[in-house]
Amino acid sequence: MSIYQATASAPVNIACIKYWGKRDTKLILPTNSSLSVTLDQDHLRSTTTSRADPSFTKDRLWLNGKEEEINEGGRLATCIREMKRLRREVEDKEPNAPKLSTFPVHISSRNNFPTAAGLASSASGFAALVKSLATLYQLPAHPSQLSLIARQGSGSACRSLFGGYVAWEMGSKPDGSDSLAVEVAPQSHWPDLHALICVVSDDKKGTSSTSGMQQTVETSALLQHRIKHVVPERMEAIKKAILAKDFDSFARITMKDSNQFHAVCLDTEPPIFYMNDVSRSIIALIVEYNRVSVANGGGYKAAYTYDAGPNAVIYAPKENLKEIISLIVKYFPQAENFKDPFQLFGTQGVGA
Ligand code: ADP
Ligand code: DP6
Ligand code: CO
């Protein structure tokens, strides 16, 4: 008897232009396009194994060893259903292909970093889920096609199907068929850019991204300004900066967009706070570090960005990393009291 099982893993991505707001909550269609960098290290990944077997009685999923409910019509059920639909297309074309689309699946996934702590676990998680099913079902699918399905698990997940610099184009069709991820540049285009993750807290966040952004859509006038008058130009400008490897522009846009995302959270009723005092001190440190460099005739040396949580992601050219790490350790000696104070990852192979 054959065993039908496949394992795949996917990395997290950290947005420079933030996705925050849905125009369709069921299909997960965003109110603005977004752009991210996919981290290429092994430290922040989800690894997912899927198995199809006719003797299983229903689809089931375990996350970090604990079974999660697959609710009918929910995100997990939608992704599994859509992947089975693609499998059925293969079976219709190849009558000898085993009818895996009719078998229930058991899925087990693990994150090697904190789940739901603002480190984009939903992005790597749903990307790994879709990839493992695509492998199991031997689908001839392009990453952009898979991104349409991962998007329906968690919006940010659509960007984790590519490495490097990735845009999620918001699209305009009501069925979402043009709301997908595209590669802006491969990671090899700008290998000198690194990301450093400072884990300020690995606690589960108080307000999930899903409910936080919905509250923002319902109550924030600033969000309306952002999606109409800010993000479209910013998307074009950051793509240009990436293609030209222009770190000054990349850094300024990235920091401005992180700031506006958190401003929009503050403009929400009731207000949402994702950053804490340590997050804000790290901002002050990076601002001062850049100010001194620019005052001395140099350029920007680092850019901070924060997702829906207090943890800092710092993008910087490789040559500045040592200096940045020593600055952070100098100003945050209390970090040594934590179990795992700083985790340092490169998009390109630089570790702690
Ligand atoms: P984060 O900042 O970590 O992305 P979110 O609130 O956006 O936090 O999403 C967290 C949720 O994503 C989890 O509660 C879980 O439902 C889902 N998730 C996280 N990791 C995985 C995974 N490996 N496989 C499937 N779903 C996952
Ligand atoms: C701040 O993709 O986690 O990280 O689509 O509801 O699952 P859902 O939300 P999610 O939101 C991510 C928000 C963000 C910005 C970003 O990744 O673009
Ligand atoms: Co998320």
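A residue is counted as buried if 20 or more other C-beta atoms lie within 10 Å of its own, as exposed if 12 or fewer do, and as partly exposed in between, with C-beta atoms placed from the backbone. By this criterion, 45% of the 352 residues of the protein chain are buried. The structure is a predicted model, in which local features need pLDDT of at least 70 and side-chain atom pairs count only at pLDDT 80 or more, while totals for chains, interfaces and linings use all residues. Residues are numbered from 1 along each chain as its sequence is written, and chains are lettered from A and ligands numbered from 1 in the order in which they are written.

The protein chain contains 8 helices and 14 strands, taken as DSSP runs (H or I, at least four residues, for helices; E, at least two, for strands) and numbered from the N terminus. The C-alpha trace spans about 70 × 40 × 40 Å along its principal axes. The radius of gyration is 21 Å, which agrees with the value near 20 Å for a compact globule of 352 residues; the radius is taken over C-alpha atoms, and the globule rule is 2.2 Å times the number of residues to the power 0.38. Of the contacts between residues at least 6 apart in sequence, 72% join residues at least 24 apart, a contact being a pair of C-beta atoms, placed from the backbone, within 7 Å.

Helix α2 (residues 121–136) has 16 residues, and its end C-alpha atoms are 22 Å apart, in agreement with the 22 Å expected at 1.5 Å a residue; the expected span is 1.5 Å times one less than the number of residues. Because 15 of its 16 residues are buried, α2 is largely enclosed by the rest of the structure. Q138, just after α2, takes a positive phi of about 50 degrees.

Helix α2 also gives the most to the shell around ligand 1, with 7 residues. This shell comprises 22 residues, the closest being S109, S121, S122, G125 and S209, where a residue is near a molecule if its C-beta atom, placed from the backbone, lies within 6 Å of it. Strand β9 (105–111), like α2, supplies at least two residues of the shell. By class, the shell around ligand 1 has 10 nonpolar, 12 polar and no charged residues (nonpolar: Ala, Val, Leu, Ile, Met, Phe, Trp, Tyr, Cys and Pro; charged: Asp, Glu, Lys and Arg; polar: the others, Gly among them). Ligand 2 is surrounded by 15 residues, the closest being A15, Y19, S154, G155 and S156. Its shell divides into 6 nonpolar, 7 polar and 2 charged residues.

Strand β14 (residues 312–317) has 5 of its 6 residues buried and is therefore largely enclosed by the rest of the structure. It pairs in the antiparallel sense with β12 (residues 193–198) over 6 bridges and with β13 (residues 303–306) over 4 bridges; pairing requires at least two DSSP bridges between the strands. V313 of β14 stands opposite I197 and is also the bridge partner of T305, whereas Y315 of β14 stands opposite A195. A hairpin of 5 residues joins β13 to β14.

In β12, 6 of 6 residues are buried. In a regular strand the side chains alternate between the two faces of the sheet. L193, A195 and I197 point one way from β12, and H194, L196 and C198 the other way.

Methods
Contact = placed C-beta atoms within 7 Å.
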